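Reader: Walk me through this one, please. I'd like the reasoning behind each label, not just the label.

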Amino acid sequence: MADLSNLAGLGSDPSGEIDSSASSANNRSLRLAEKEKRKGEADPFGLAVKYLSQVEAGTVVRGNDELERNMLVVETVALSKGLPSEVITVLLDLALSLNAGTGNCARVLKFLIPATVVPQEAIVKGVSWLCVGKMPMNAQVLFVRWVLTVFDLIDCKDNLRSIYGFIFSFVTEENLCPFICHLLYLLTMREHVHPYRVRKLLDIQAKMGRQPFLTQLLALYKVFRPDLVTLSLPSRVRTGFKNHNSTWKVALSAVQRKNKGAVLVDQSLSLDVKEKPSTRKRVRCHLCNTVKSLTEHTLNSNKKVFCLQELRSFRELLENIHNIELPAQMGSLLGSALALHYLDCVQDESASLRLNFWLGHSLQEEFLLCPVDGSSDNTSEACRFLSTILFSQQFLQEGFSSTESFLYKFLSVWDGCLLRPQILDLLSDIPLMPSFYMHKLLFEPLKQLYFTSTVFFKVCMVLLFFFLSVCLYQARAWPCVLPRTMTLSGFMDSVMELVRFVGLLASEGLRLENCHVLLLNQTLAFYETVCDMFLKYSLPLIIMPPAGVFYPALFATDSVSVDRLGYIMYRYRKNLTLAKKQEQQREQTFHISRNTYKEFNRNLQAMVNSMWNSWWCIPGSDIEIDKDLISLSKVPEPWCRFDLIHHPALFSYAIEFHQRCWPERKNVDLGSIKTGKYWNWYMEFLFNQGFDGLNNFIQTNTGHSSGLSSQDDRQPTSQP
Amino acid sequence: RYICCWYYPCSAVNTPASRPLTRRSKSYGRSCVEAPSYFWQTPGHLTVLKVPTSRGAAKSQLITNKVDPEHIALLVKNEWKLSYVTPLHHFRHTQLKSYSRHLAAFIAAENQQGVAVEVGLEAGFKVTFTAVLGLAETDEDAETVFIQIQSKPAFAAAADAPKVVWRGWLTCVNGDPEYLRSLPSDFVSLPLFCTSGSESLTTLVKTWFERAFDCNFGSLALNSTTLNWLAALWTGCHPTCNIRHLKLAWSLPTQPPLDVSYTVNPQDAWELWNSIHPEESTDDKIDIKEVQSFINGLETHFFRHFKIYLSAGTLVKVSTALGSAHLDGKIKIGNSDYITTLLTLLTESALLKMPT
């Protein structure tokens with residue numbers, strides 16, 4: 001009671017602003033000054049509390065006006081502003097000791113609205129009054145209900161937990177039992193669960209039948225000690241406990257609204273369910289099962305262990321990384337970023353295996369052994385499942401082996417349609433493997449799917465593009481990630497095989513689909529990665545696109561494809577030049593074959609000839625066509641049909657340029673663009689349309705620099 | 001690729017150096033000691049488990065010399081429904097007593113939803129786990145575990161013996177040694193699970209196992225090749241042990257479906273088999289081709305009489321006095337002396353179902 005005067009000052013604060021924490025020191029000086037100022041002024045609240053704290057046992061209650069008056073003062077303050085924590089201690093003691101009579105006991109409990117926090121010592125003292133056993137039953141119930149209501153406001157709960165046994169003893173009181181069970185539910189830790197307590201609760205269960213509060217508490221006990229008690233919750237069980245806060249709810253929320261910002265209390269205290277019972281009807285639903293292993297926990301029950309599921313933040317994980325307990329079902333961790341972090345760190349072989357077994361089994365049972373019946377519900381669940389796997393794999397930046405081997409099996413039965421986005425994504429996570437396996441497990445089934453499917457699926461070759469970029473991503477760090485059983489040359493072989501395979505698919509696909517624009521663009525996007533393998537990924541590999549891809553792109557009717565091809569050729573040139581230079585400088589271990597250079601030069605020649613030199617079908621090139629045959633087509637000036645002016649992709653630009661230059665001319669004569677300065681203007685006009693790829697290509701290969709400055713005329717590369 | 005490698009495990013957990021390196025070389029293409037990553041590592045990855053194309057002839061052995069005859073008697077009389085199980089994590093043969101208590105409590109709790117049951121208190125069900133020692137053939141095989149559930153009705157007279165309502169066993173006989181060796185030591189692989197009893201109890205037992213040992217069950221259907229093997233192997237035993245008959249059942253995909261039951265005189269069957277695989281042949285191994293031609297021989301004979309190509313249908317069931325096996329994964333063991341051959345075949349089928 002030493003600080004009651006201090007309290008009084010606090011309570012009389014005219015602004016009504018109760019300090020957010022009674023013990024806060026930052027406002028102390030301010031308060032002292034204020035107290036100085038108001039010295040001598042009567043403080044009714046402080047005086048009332050002082051009076052109430054001195055009420056002794058045996059005080060006459062009936063007709064005691066002074067008691068009544070003081071009670072009223074405190075009550076008014078309590079309901080409007082809430083009570084500071086010290087006052088709560090005082091009043092709770094007064095009420096439960098029954099010094100002011102049983103009637104006032106209930107009255108005090110009802111207006112015991114904390115402004116900020118409730119000191120746990122007050123509750124401990126309250127429980128000791130409960131043990132004295134003088135209180136009438138309704139007062140006991142009211143007290144426990146009050147504790148439940150303010151539970152989240154109790155400053156600290158360790159002492160409360162240490163008198164767990166005392167609290168537990170009240171479960172035998174029939175009227176108190178529901179509330180005590182709830183309180184125990186909130187307090188229980190693993191060390192509190194003992195065989196004799198379990199037996200007691202089971203006795204009560206036998207007496208009272210299956211009551212939700214008992215079931216909930218027992219379910220929690222089971223979570224902590226599955227070796228002592230077992231229980232299965234029906235699928236539609238009334239979860240949680242009833243609300244007991246009705247008496248205080250309105251006043252409490254009013255006070256809290258007034259003291260907003262102090263402490264936020266969850267109004268739905270009653271549903272503070274720690275463990276979510278899972279439906280576990282299906283394999284995939286047990287993702288959140290928290291049952292602990294039967295065998296081990298008894299050994300380390302003394303050690304403080306953390307369940308992976310209980311961890312909320314990365315910091316918590318770091319702090320407790322040395323005593324983490326894995327769940328009984330590893331499958332429950334799939335999709336939890338923290339758990340995956342942990343698994344990746346500790347590299348517990350068994351844990352990963354368990355996860356892999358579960359995953360492999362689920363995939364196998366769901367997709368291979370039980371045919372999906374196509375109902376939308378089923379598919380959406382499967383879709384969610386695969387998405388979870390994808391999330392985990394992307395998080396780990398590698399695939400699970402069980403998904404991988406599942407995919408190999410699944411590809412042979414897949415219709416190319418079911419869950420396509422997910423399956424394609426999963427495929428892109430497959431790591432690179434020796435070319436023999438790649439052919440057998442991947443290319444064969446994919447080829448079949450590819451050639452028998454719609455153009456859209458073919459466009460989904462994106463997959464292979466992604467796939468490759470992942471491989472290249474790995475390749476970026478290949479000196480350290482290179483698998484032990486895979487030599488560098490084996491690895492290169494695999495990449496080469498992969499690129500060739502995509503080239504084959506693409507050229508056949510383009511032929512089948514009549515050079516579909518989307519497919520062509522996707523293919524070119526793929527080659528945009530391939531052409532830069534040496535420079536960007538330092539992979540000593542340069543693979544040219546096959547003719548089936550090159551020529552459709554060169555003679556494409558859309559300008560985007562042509563521009564992309566220009567860019568690709570430009571990058572190839574850069575890569576080859578650098579490779580050549582390195583090879584000459586020092587004895588390089590790798591050697592780019594003559595054929596690659598030849599191929600490149602042939603393509604380059606074809607491109608430069610058709611676009612720049614207006615002579616697309618030079619005798620001796622890939623696309624030599626008999627002159628008589630061409631003349632049959634009756635196309636005038638057939639050799640310049642694919643130059644920068646007449647190329648079907650650029651034709652419209654030439655027309656537009658012509659119109660701008662000679663707006664008055666009725667007869668379009670595109671040939672006049674080629675004369676004098678108009679040619680340079682046309683180049684500038686063309687490159688201003690955003691054809692950077694073509695621009696680069698023309699600049700590096702012909703030396704033409706759109707009229708800026710004359711560069712030395714470089715010949716197309718013709719080495720070696 | 002390995003973004004998470006910034007943190008290295010502290011001393012409390014395994015360090016990479018302490019792990020056996022042997023198993024890594026098996027998974028092709030993806031092993032790396034410096035940046036080990038275990039997510040991809042599943043034993044028996046793709047290349048390890050192969051369907052054998054030849055195997056030894058069935059040999060009679062007096063199993064009762066190795067195994068308690070009482071235990072053998074339990075295995076012989078019932079029809080068993082087969083399942084496969086992924087390796088059991090932290091299963092210990094020394095803990096069977098406590099497993100009995102837990103499973104009993106679990107069944108009781110499941111049967112009265114929402115009522116908690118104390119573990120160890122006998123409530124309606126009595127569960128017994130028994131280790132059937134001696135059935136294992138190699139050092140890698142884990143010992144077979146037999147589970148029996150007895151029900152004790154609440155109002156039964158004291159004299160009434162508890163009734164056995166469910167039986168099941170987990171076994172591994174001649175499991176692929178390379179696969180078994182590749183598992184870490186805290187796993188026990190008992191891939192074959194045989195059950196007999198109500199489906200609901202089977203589900204409960206499976207659920208309990210799945211929760212306790214983080215394993216998964218799937219139903220094990222046999223394939224025609226396995227049935228062909230059994231037909232040949234059992235027929236080969238005729239000289240030493242009368243097989244009484246060779247009964248085969250086919251299902252033909254006609255409209256309406258046609259079921260063919262084909263019973264062969266044991267002596268005739270044996271003579272056919274002997275003409276394909278002479279008894280006195282020096283090589284003890286039987287090749288899958290021999291098995292195939294044996295079945296072809298039987299089919300040809302049938303065609304000669306009934307003008308029906310049995311090869312157009314599927315072999316559904318094989319049965320002799322030594323035992324029977326059905327395509328949908330139901331078996332019966334007729335003679336305990338040849339139990340090893342049967343269980344070897346079934347263990348192999350179960351291991352092939354393992355998710356890799």
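Author: Let's start with burial: buried means under 20% relative accessible area, exposed over 50%, and partly exposed in between (1.4 Å probe, protein chains only). By that rule, 53% of the 720 residues of chain A count as buried, and in chain B it's 54% of 356 residues. Keep in mind that this is a predicted model, where local features need pLDDT of at least 70, side-chain atom pairs count only at pLDDT 80 or more, and totals for chains, interfaces and linings use all residues, while side-chain values use heavy atoms, leaving out hydrogens and water. Residues are numbered from 1 along each chain as its sequence is written, with chains lettered from A and ligands numbered from 1 in the order in which they are written.

Reader: How many helices and strands are there in chain A?

Author: Chain A has 34 helices and three strands, whereas chain B has nine helices and 16 strands. These are DSSP runs (helices H or I, at least four residues; strands E, at least two), numbered from the N terminus.

Reader: How do you know that A:C181 is in no disulfide?

Author: A disulfide is a pair of cysteine sulfur atoms within 2.5 Å, and a search of the whole structure finds zero over all chains. Take A:C156: its nearest cysteine sulfur belongs to A:C131 and is 20 Å away, so the cut-off isn't met. For A:C181 the nearest is that of A:C177, at 3.9 Å, and that still isn't within 2.5 Å.

Reader: Are those two cysteines, A:C156 and A:C181, buried or exposed?

Author: One is neither. A:C156 has a relative accessible area of 32%, so it's called partly exposed. A:C181 sits at 0% and therefore counts as buried.

Reader: How do you know that the span of helix α14 of chain A agrees with what's expected?

Author: The expected span of a helix is 1.5 Å times one less than its number of residues. With 13 residues (246-258), α14(A) should span 18 Å, and its end C-alpha atoms are 19 Å apart, so the two agree. Its buried residues are A:W248, A:A251, A:L252, A:V255 and A:Q256. Among the elements covering them are α4 (65-81), α6 (101-110) and α8 (137-149) of chain A.

Reader: What makes a group of residues a nonpolar core?

Author: It has to be a set of buried Ala, Val, Leu, Ile, Met, Phe, Trp, Tyr and Cys residues joined through side-chain atoms within 4.5 Å. The largest one here has 120 residues, and A:L650 and A:Y682 touch the most other members. Helix α25 (residues 488-512) of chain A brings the largest share, ten residues. Contact means heavy atoms within 4.5 Å, and beyond its neighbours within four places in sequence A:Y682 has contacts with A:L644, A:I645, A:L650, A:Y653, A:A654, A:F657 and A:I673. There's also a second, separate core of 96 residues, including B:F106, B:I149, B:W229 and B:C237.

Reader: Why is α30(A) called roughly perpendicular to α34(A)?

Author: The axes of α30 (594-611) and α34 (692-702) of chain A cross at roughly 100° and come within 12 Å. Axes are lines fitted to C-alpha atoms, for helices over the stretch in contact, with angles from 0 to 180 degrees between N-to-C directions. Under 35 degrees is roughly parallel, over 145 roughly antiparallel, 65 to 115 roughly perpendicular and the rest oblique, so α30(A) is roughly perpendicular to α34(A). A:L604, A:M607, A:V608 and A:M611 of α30(A) meet A:L694, A:F697 and A:N701 of α34(A).

Reader: What makes B:D214 worth a look?

Author: Most residues other than glycine have a negative phi, and most peptide bonds are trans. B:D214 isn't a glycine, yet its phi is positive, about 45°. You'll find B:D214 in the loop between α5 (199-213) and β10 (217-219) of chain B, and at 4% relative accessibility it counts as buried. B:K307 also has a positive phi, near 55°, in the loop between α8 (288-306) and β14 (314-320) of chain B. With a relative accessible area of 56%, B:K307 is exposed.

Reader: Where is B:P256 found?

Author: In the loop between β11 (246-252) and β12 (258-264) of chain B. A cis peptide bond joins B:Q255 to B:P256, with omega about -10°.

Reader: And why does B:S349 count as buried?

Author: Its relative accessibility is 12%, so B:S349 makes the cut. B:S349 lies in helix α9 (residues 339-353) of chain B and, leaving aside neighbours within four places in sequence, touches B:L220, B:L222 and B:T226.
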